[in-house]
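Here are some questions about how the terms used for a predicted model are justified by its coordinates. Each answer sets a value against the criterion behind the term.

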Amino acid sequence: MAAINEFSDILSAMEQNPELREAMRNHVLGEELRQLPAVVRRQGEQLAEALKRLDELAATIRDVAEQISSYALASSRAITAIVERQDRVEADIAELKAAQVRLEASVQEMRESLARMEARQDRMANDITELKAGQERIEARQVRAESDLAELKAGQNRMQGQLNNLTGTDYERKVVKRAPRAARRYLGLRDVGVVYGIDVSGSIDIPALLEKATESRAITDEQADEVERADLILKGARTGNEEVFVIAEVSMTIDDSDIDRARNRANILNDASGLPTLAVVVGAAISEANRGRANYSGITVIIMGE
């Protein structure tokens, strides 16, 4: 080793000899200073780790802050929505209250209308009851009026019947007087006499003749009664002295029932007496239809005025 005379020699020697340099460092710095780089390095590492952690914490804080901001925004929006919904609910409640008020007013109006309607129905029921009572009174009066009218009509019918009977009886008496002459004129008979009729006592006892016929069963009792209701019976002779009966129905106006009775009674008297019997209808008038019907049935029509 060279002699060291100056400080520069020391530096040069240290540069040339690493061991010397390390020994000088250890001698000059001491244990604590020698450990200082390692300490500084460790502290640097710790500081870097702390800074890293701090950055991470800052990032976490930023994330939390963002989350808080997002939550705050969402919360704000939710609160706003809740407030809006609450406003709408309050508006709906107010509308419901207004609607309830209107409904109550409508119900009250309906109640009043119902009360008025019930009052009207009561008045109508009273009016109907009164109308029914009036109608019943009118119907009772109508029944009495109809009864009176029926009684009046019955009286008129009785009076008319009596008048017709009187008129018919008077007409029938006139026919009885004229009958023999009419029989000679319209039937060509001679020796004509009335044997059965009003106010007549003929030479032949017609009831006895009919009684004998019923006993022999030539006719029935009902048929005998039918002949006895005849208006007029005559007896005469035709050419060759053949005796015949003439049975006549007398009516002011000859109708179809007169024609039927004359034909039926003539047939019965023919069976009862055994003599030919001519059917005749005598009246003041006859329709063309009934005249044709009589002619078709072989019944002589004699129109004889009053």
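Q: Which residue in β7 does Val282 stand opposite, and what makes β5 and β7 paired strands?
A: Val282 stands opposite Ile302 in β7. Strand β5, residues 277-283, is joined to β7 in the parallel sense over four bridges, and since pairing requires at least two bridges, the two strands count as paired because four bridges meet that criterion.

Q: Why are β1 and β7 called edge strands?
A: The open sheet has five strands in the order β1-β2-β3-β5-β7, with mixed pairing. Strands β1 (190-197) and β7 (300-303) each pair on one side only, and are therefore its edge strands. From one strand to the next, the twist averages 30°.

Q: What makes Leu47, Leu51, Leu54, Leu57 and Ile61 a patch?
A: These side chains are of nonpolar types, and a patch takes residues with over 30% relative accessible area, nonpolar side chains being joined within 5 Å; the five therefore form a nonpolar patch on the surface, with about 480 Å² of accessible area together. Ile61 has its place in helix α2, residues 18-187.

Q: Why should residues 157-167 not be read in detail?
A: Over residues 157-167 pLDDT stays under 50, whereas the protein averages 82. Where pLDDT is low, the predicted coordinates should not be read in detail.

Notes: Residues are numbered from 1 along each chain as its sequence is written. This is a predicted model: local features need pLDDT of at least 70, side-chain atom pairs count only at pLDDT 80 or more; totals for chains, interfaces and linings use all residues. Side-chain values use heavy atoms; hydrogens and water are left out. Axes are lines fitted to C-alpha atoms, for helices over the stretch in contact, and angles run from 0 to 180 degrees between N-to-C directions. Patches are made of residues with over 30% relative accessible area and no salt bridge: like charges are joined within 9 Å, nonpolar side chains (Val, Leu, Ile, Met, Phe, Trp, Tyr) within 5 Å. Accessible areas come from the Shrake-Rupley method with a 1.4 Å probe; for residues, only the protein chains shown count as cover. A salt bridge is a side-chain nitrogen of Lys or Arg within 4 Å of a carboxyl oxygen of Asp or Glu. pLDDT is the predictor's confidence in each residue, from 0 to 100. Contact means heavy atoms within 4.5 Å.
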